[in-house]
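Please look over the sequence and the structure shown here before reading on. The explanation after them is meant to be followed with the model open.

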Amino acid sequence: MRNENVSTDSTSPNSLSPTLSQGEREIAGLALPGLADSDLICAVDVGGTNLRAANIDRGGRIHERVRTATPGSKPAEEVVSAIAATVRECESGGAKRGAHIGGISVVVPGSVQVETGVVVNAPNLPSLQGYELAHALETALERPVLLENDANAAALGEMWQGSARGYQTIICLTLGTGVGGGIILDGKLWRGADGTAGEIGHTTVEPFGVIKCKCGNTGCLEVYASATAIVRMAREASTRHPSHLLHSIAADDLTSERICSAASAGDELALDVFRRVGVYLGIAMANLVNIFNPEMIVIGGGVSAAWELFAQHARAEVLKRAFPVPAQRCRIVRAECGGDAGLLGAAHLAFANDSGQKPSTKKRVY
Ligand SMILES: [Zn+2]
């Protein structure tokens, strides 16, 4: 649902909330001013294509939503303006029914140094690379803004409101245009020393692979288990199998959804593509099982719609390669939050970091 009345008023009552300077942000780490119980979080998911925002309450209910195009090819300042506009639109929508936005939490498709609010790496939004996004948003919106990686947020969203409810040690894989990963250990998001942890899509699963990944490596999981990879693998295989259903589709119109439909109709080539996706995923997951001993691996993203076509192969690979005890324990399940996982995780992050204290004394929970 899109709110029709876009607010251009940047001087909301919340604009009196303190804005963190870069120095204060580094000292405080993650911080939001104390939230009232009824406060909503405006969560923003900045995708490579779509920019989505939603007001979310403490119970995980999504209220107002806003969706627009991400000006991904434009300079960072324009991305900031677009994010700020969606936040104001959400705020305006909430205000009409008396709701108050207590915090803003933004997730982006890239590595984030949470303490400084800097985007470290963002192949799908190159203008944000190295950019102090949180600080720029705080200046535009005149209040603190949390920043997180989108796949990390998706893992938190699934733990809070999705298939990992009640679990503490989980790994979430998001299979979309790329492959995102999020690791939660004992209930805490594992960010690593530089905020770059969880890049499971860029772990090597094919040492002899020649397909170059966007990250510069070859043989990454992402080039064997993403929607992009599915289309490429089908194209590669079609030259070896002249008689199959996919031949009726023009090369430019080939999508992972169409390959999924062909596989569901019994097409051998398409079935083999998804078998390969499952095997590569299973190799990556077997490594994760041996390293982290997770209770659950959650698989989401658009490709998870083809669950029945690849999950059995992935499971078989995990059982074949990982130690028996952690392999048997680890549940491998489909995500439940769909496209809202990142938004929910962003909101959860903000609620979890609210201890009712001032930013300078607040402890970081995640
Ligand atoms: Zn890679």
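The paragraphs below go from the chain as a whole to its two sheets and then to the core.

This is a predicted model, and its chain has 366 residues, of which 50% count as buried. The secondary structure comes to eleven helices and twelve strands. Among the contacts in the chain with a separation of 6 or more, 67% are accounted for by residues 24 or more positions apart.

One place to begin is the open sheet in which five strands follow the order E3-E2-E1-E4-E7, with mixed pairing. At its edges stand strand E3 (62-69) and strand E7 (145-149), and because each has a single partner strand, one side of each is left without a neighbour in the sheet. From one strand to the next, the twist averages 20 degrees. Within this sheet, strand E1 (residues 40-46) and strand E2 (residues 50-56) are antiparallel and are paired over six bridges, with Ile41 standing opposite Ile56 in E2. E4 and E7, by contrast, pair in the parallel sense, over five bridges, and here Val108 has Asn149 in E7 as its bridge partner.

Although E7 stands at an edge of the sheet, five of its five residues are buried, so the strand is largely enclosed by the rest of the structure. Both of its faces are covered, since Val145, Leu147 and Asn149 on one side are buried, as are Leu146 and Glu148 on the other.

Helix H11 (residues 341-352) lies across E1, E2, strand E4 (101-108) and E7, and it runs at about 135 degrees to E1. The helix has twelve residues and reaches 16 Å from its first C-alpha to its last, which is close to the 16 Å expected at 1.5 Å a residue. Eleven of the twelve residues of H11 are buried, so this helix, too, is largely enclosed by the rest of the structure. The buried residues include Gly342, Leu343, Leu344, Ala346, His348 and Phe351. What do the buried residues of H11 pack against? They pack against E1, E2, E4 and E7, and also against helix H4 (150-161) and strand E11 (296-300).

Strand E11 leads to another open sheet, where five strands take the order E10-E9-E8-E11-E12 and the pairing is again mixed. Strand E10 (188-189) and strand E12 (331-334) stand at the edges of this sheet, and each has a single partner strand, so that one side of each is left without a neighbour there. Strand E8 (residues 170-175) runs parallel to E11 and is joined to it by five bridges, with Ile299 in E11 as the bridge partner of Leu173. H4, against which buried residues of H11 pack, lies across E8, strand E9 (179-185), E10 and E11, running at about 55 degrees to E9.

The last part of the picture is the core. In soluble globular proteins, nonpolar side chains tend to be buried together. Here the largest nonpolar core has 112 residues, and those with the most contacts inside it are Val106 and Val108. Helix H8 (residues 268-292) gives the largest share of this core, 13 residues. Because domain 1 (13-150 + 342-361) and domain 2 (163-335) both give residues to the core, it lies between them. Leaving aside residues up to four places away in sequence, Val106 touches Val44, Val46, Ile83, Leu137, Val145, Leu146, Leu147 and Ala346. Of these contacts, Val145, Leu146 and Leu147 are among the buried residues of E7, and Ala346 is one of the buried residues of H11.

Notes
Residues numbered from 1 in each chain as written. Predicted model: local features only at pLDDT ≥ 70, side-chain atom pairs only at ≥ 80, totals over all residues. Core = buried A, V, L, I, M, F, W, Y, C linked by C-beta atoms within 7 Å. Buried ≥ 20, exposed ≤ 12 C-beta atoms within 10 Å, placed from the backbone. Helix = DSSP H or I, 4+ residues; strand = E, 2+ residues; numbered from the N terminus. Domains from an automatic or database assignment. Contact = placed C-beta atoms within 7 Å. Pairing = 2+ DSSP bridges. Axes fitted to C-alpha atoms, helices over the stretch in contact; angles between N-to-C directions. Expected span 1.5 Å × (residues − 1).
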